[in-house]
Amino acid sequence: MQLKGLVWFFTIALIVVSLYQLSFTWIVNNHEKELKAKAQRYVKAVYPDASAETKDSVYNARYHKLRDSTQDQIIGNFGFYKVSYLKAKEQQLSLGLDLKGGMSVTLEVGLDGLIRSMSNNPKDSLLNQALNLAVKRRANGNADFINLFQQAYKEVNPNGKLAGLFAGVGQHKIKVTDSDDQVISAIRDEANQAIDRTNEVITTRIDQFGVAQPNIMPDKTKGDITVELPGVEDKDRVKKLLQATAKLEFWETYTASQDQAFYTQYLQPLDAKMKDYVAGKPLSDTTHADTTKADTSAVPFGARTANPFFALLSNQPATGGPSSKATVGFVRAADTATFSDYVNSPTARSVLPGNLRFMYGAKPSKSRNGTDLIEVYAIKLRPGTDKPELDGEHVTDARQDVDQQTGQVIVSMQMDNIGAHLWEKMTTDNVDHAIAIALDGFIYSAPNVIGPISGGNSQITGNFTPEEAQDLSSILKAGKLAAPARIIAVVEVGPTLGAEAIAGGFKAFALSFIVIFVLMLVYYNTGGWVANIALILNLLFTVGVLTSLHASLTAPGIAGLVLTVGMAVDTNVIIFERIKEELAKGKNYTTAVQEGYRRSMPPVLDAHVTTLLTACILLYFGLGPVKGFATTQIIGILLSLFCGILVSRLVTDTWTNRQRHFNYMTKISTRIFKHASFKFIEYRKVAYAISVVVLLLTGYAVFVKGFKKGVEFQGGRSYTVQFPKATSSTDVTKAVATEFGSEPEVKTVGDSRHLDIITDYMIKESGNNIDSVVEHKMFHALQPFLPEGRTYEQFDKLDKQQSQTVLPTISSDLQKGAIKAVIFGLLIIFLYIFIRFRDWRYSLGTIIALLHDVCITLIVFSLFQDIVPFPLEIGQHFIAALLTVIGYSMNDTVIVFDRIREDSRLMIGASKESIINKAINDTLSRTIMTSLTVFLTILILFIFGGESTRGFAFAMLIGVITGTYSSIFVAAPVLVDLDRKRGLAEHQAHPAAVTPAKAKTV
């Protein structure tokens, strides 16, 4: 093998990088284990006789404070590189919602409100009719809202022009003469900016939830934003904050950074008073004192000095001084809770003036050691009120601009008449003082007022970069968004369910690894060690790359790892079987190995490319955890090529160079399929009859019997509830139906103690508290089945394992996206096979076989939905399984087709039936072995992987079986009957019509 040095280099580099990336997970887990132990000791010392619920609450609060206070603590020492807890946390392998617990929220940006705010007459009756009609249609489909509005306006006002409604307003500068398409283009540009602004607001708000690794995914094509918050606890607060209208405010300030009197009059007395405050805090209410010596790491630095307030407050970060005259100083991000505790205490209120409020900057700066520092501003309240004199309601436009005289990047801001009057007064009263611009309580900028500004047009300067100016203009415009984002889908997962998913997933992963490891040794003798080395490295590299990409590991992601175990050895199976063939022809080991690797290359590449293509389609169309599966699969496929071909060859050649050879046969493998000569083609008519039955049953399943759709495809609310004892699903159905007035769907999850309750009650109602109303009614209906005295709060925390809310809007999107994914998958496979074999018959035979696999899977999910003791639902996981089956089924089909083409050039004059029979029999052992490895891993996942992946695993099991069957009895026989006039002889007569045998044989 050429380039051995390069392969060695990349192999060693990947090992080092993967181990380095995974080391962060190890040191973070150890650190958090220590913190949990400290929190437990604290609870035992301070609350020995408290109730279990109180202890649990105190433990959680204590653990969070310990974790926050040690963010900058060095917990990893790599010699020249030291890493803090916060940085290590950012680098560790993160767990998804379904493993860690937490919630996922999908928000739809209020584009109807945006369009109304852009109009020069927001109260126009025809405008509002069109918007209401577009909103109604968007709720029942997945069409683009802006297109829907354009169509609706044409319906309510056929002769009207959109330009008349939007001309002369705002930055977009629509002219009366503009066409409807030009107006729509301007609206779309503004909509994209609105999504960016909403995303900025949401990103800032998420920092308040204390989530270490949030995931925010804006989708401008759909006009929505998905937010994943692993480990978040206060879910109601999350929903309220994410949907709240952006709150833009303009505040007067104290000149804190340049006023020595401010320091001596307020800050010094405050520091002196804080000594007594810290010393006098009761033990049960402190973060700053502790009876256990081991917990001193939890004490903020400021509490252990003679000057507790000034110990928290530094003058400036390493990256620059105060950004404004209103800056008081900087505090560590980890100390903001303590700082707030100090300045909001009664002691501080007795020292500070009543109109002084401290507010934090929105974005951190860096200290010399890399610690995140938050800027603190001194805000001046108006007498008798805590509201600012001016808010964002009066901002009509803001944009990044350039000063024509200086060339400096600036932000231009315009206000309406009322805002212009208030702004003139504020700037007149605050010449040579700063005015702070705050969004949702955080300061984004505090520019100094040079002179009074009249007319409502202002320029804000501050040595901005273009990006910073754009961000500030987005913040100013965020307060103008007329409608808040609306939640259209929510998934909540309890930590208990997540722990069970982790246990089940890793048990399945470990067992599948052991089974495949042993199988390779039993079937391929010492050659099995080559496959196992490649398997180990493939898994190490896959997890290492996932970690380095900051991808979250989900339950489907673990399923992807399990599938990787099965598919990782497929490459070696194909190669080893070819080596065995070459040895059987009498070739020596060196030649057999060289020929085995060379001739196996085309089918190996084909198998990986087709699977990769379907995984990419799944990544594009999938949502949430399914994307995690697709990501894991893509990485595993690419690394499987590297490990299965290059690393395996490297290991083999290294061993061979020592005058030794691997043995690829055992007594078992030499007997199985030896001299196989089955007459597959002669039974094709029986196979065709079976296919006709399959087609008829598919029609019955699709048009008569139907399918059970998951919540994500049908819309509604789903609650997975754990009961104290076995509970009848019929009794629960009756109780919930009585409460809701409509019958829910209730199904068992795992055992009769766990039930999944699905309802469409109030699913089309709007409002921030609808979810809470439905959950309270659900709790009321289930009270007879819960422990006596159970409160709603206890039910929400202990009994409700998972909940999901999907509005009809997004369910329609998902259904249509799923259909597109399957169609695109089949189309891409067709094109790839056509390019690969240069013959439409191969492509058509492949598609017929794949459709056969899809039809059988659909039949089973329809006919067996009420028979099997686990849910068979059509949802995202089912589509993931279907696409994976489509890609994987190609492995066997391509291997057979490759051999058919090779034999057709060697067996000149033989019948097509003989050629195809021989090709199938020659490749039968590798077909069975590749299917068997995947089948065993998926079977283990089905048994031990848990409920979250059981439907996926069941669909995959069906697909592996039908894929093997269709490759032998459907795809290959179709070649015989598709074109009898041309036949396979054309390849013999015109070998140039196909790729040369040297590059394409198996």
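**A walk through the model**

Let's start with a pair of charges: Glu595 makes a salt bridge with Arg599, and their closest N and O atoms are 2.9 Å apart. Keep in mind as you look at this that the model is a predicted one. Both partners sit in helix α21 (residues 589-621), four residues apart, or about one turn of the helix. An α-helix has 3.6 residues a turn, so residues three or four places apart point the same way. Neither end of this pair is left out on the surface: Glu595 counts as buried, at 15% relative accessibility, and Arg599 counts as buried too, at 18%.

How many salt bridges does a search of the whole structure find? The count is 24. Side chains of opposite charge can pair when their charged atoms come close. Some of the charged residues are joined into a network of salt bridges, whose members are Glu581, Arg899, Lys918, Asp922 and Arg926. Elsewhere, Asp178 forms a salt bridge with Lys175, with 3.6 Å between the closest N and O atoms. Asp178 itself is buried, with a relative accessible area of 9%.

Another salt bridge is worth finding on your screen: the side chains of Lys425 and Glu389 meet at 3.5 Å, N to O. Lys425 lies in helix α15 (residues 417-429) and Glu389 in the loop between β11 (372-380) and β12 (390-391), so this pair ties together parts that are 36 residues apart in sequence. Are the two partners buried or partly exposed? Lys425 is partly exposed, at 40% relative accessibility, whereas Glu389 is buried, with a relative accessible area of 16%.

Follow the chain on from helix α15 and you can look at the loop between α15 and β15 (435-439), where Asp432 is found. This residue has a positive phi of about 65°, although it is not a glycine. At 44% relative accessibility, Asp432 counts as partly exposed. A similar case is Asn525, which is not a glycine either and has a positive phi of about 55°. Asn525 lies in the loop between α17 and α18 (527-548), and it counts as partly exposed at 25% relative accessibility.

Now for the strands. Strand β13 (residues 395-402) and strand β14 (residues 409-415) run antiparallel and are joined by seven bridges. Within this pairing, Asp401 stands opposite Ile410 in β14. The two strands form a hairpin with six residues between them, and Gly407 in the turn has a positive phi of about 75°. Strand β14 has another partner to trace: β14 and β17 pair in the antiparallel sense over four bridges, and here Met413 stands opposite Ser458 in β17.

Which residues of strand β17 (residues 457-460) make up its covered face? They are Ser458 and Ile460, while Asn457 and Gln459 form the uncovered one. In a regular strand the side chains alternate between the two faces of the sheet.

From strands we can turn to a helix and to the interior. Helix α7 (residues 145-156) has 12 residues, which at 1.5 Å a residue should span 16 Å; the end C-alpha atoms are 16 Å apart, so the two values agree. Its buried residues are Phe145, Ile146, Leu148, Phe149, Gln150, Ala152 and Tyr153.

In soluble globular proteins, nonpolar side chains tend to be buried together. In this model the largest nonpolar core has 119 residues, and Met520, Ile579 and Ile900 touch the most other members. There is also a second, separate core of 41 residues, which includes Phe149, Ile174, Ala186 and Ala194. Phe149 thus brings us back to helix α7, where it is one of the buried residues.

Our last stop is on the outside. Ile514, Val518, Val522, Ile668 and Ile672 form a nonpolar patch on the surface, and together they have about 390 Å² of accessible area. Helix α17 (residues 495-524) gives the most to this patch, with three residues. Ile514, a member of the patch, has its place in helix α17. With a relative accessible area of 48%, Ile514 is partly exposed.

How values were computed: Residues numbered from 1 in each chain as written. Predicted model: local features only at pLDDT ≥ 70, side-chain atom pairs only at ≥ 80, totals over all residues. Heavy atoms only, no water. Patch = residues over 30% accessible without salt bridge, like charges linked within 9 Å, V, L, I, M, F, W, Y side chains within 5 Å. Areas by Shrake-Rupley, 256 points an atom, 1.4 Å probe, with all protein chains shown as cover. Salt bridge = Lys/Arg side-chain N within 4 Å of Asp/Glu carboxyl O. Buried < 20%, exposed > 50% of the residue type's maximum accessible area, 1.4 Å probe, protein only. Pairing = 2+ DSSP bridges. Expected span 1.5 Å × (residues − 1). Core = buried A, V, L, I, M, F, W, Y, C linked by side-chain atoms within 4.5 Å.
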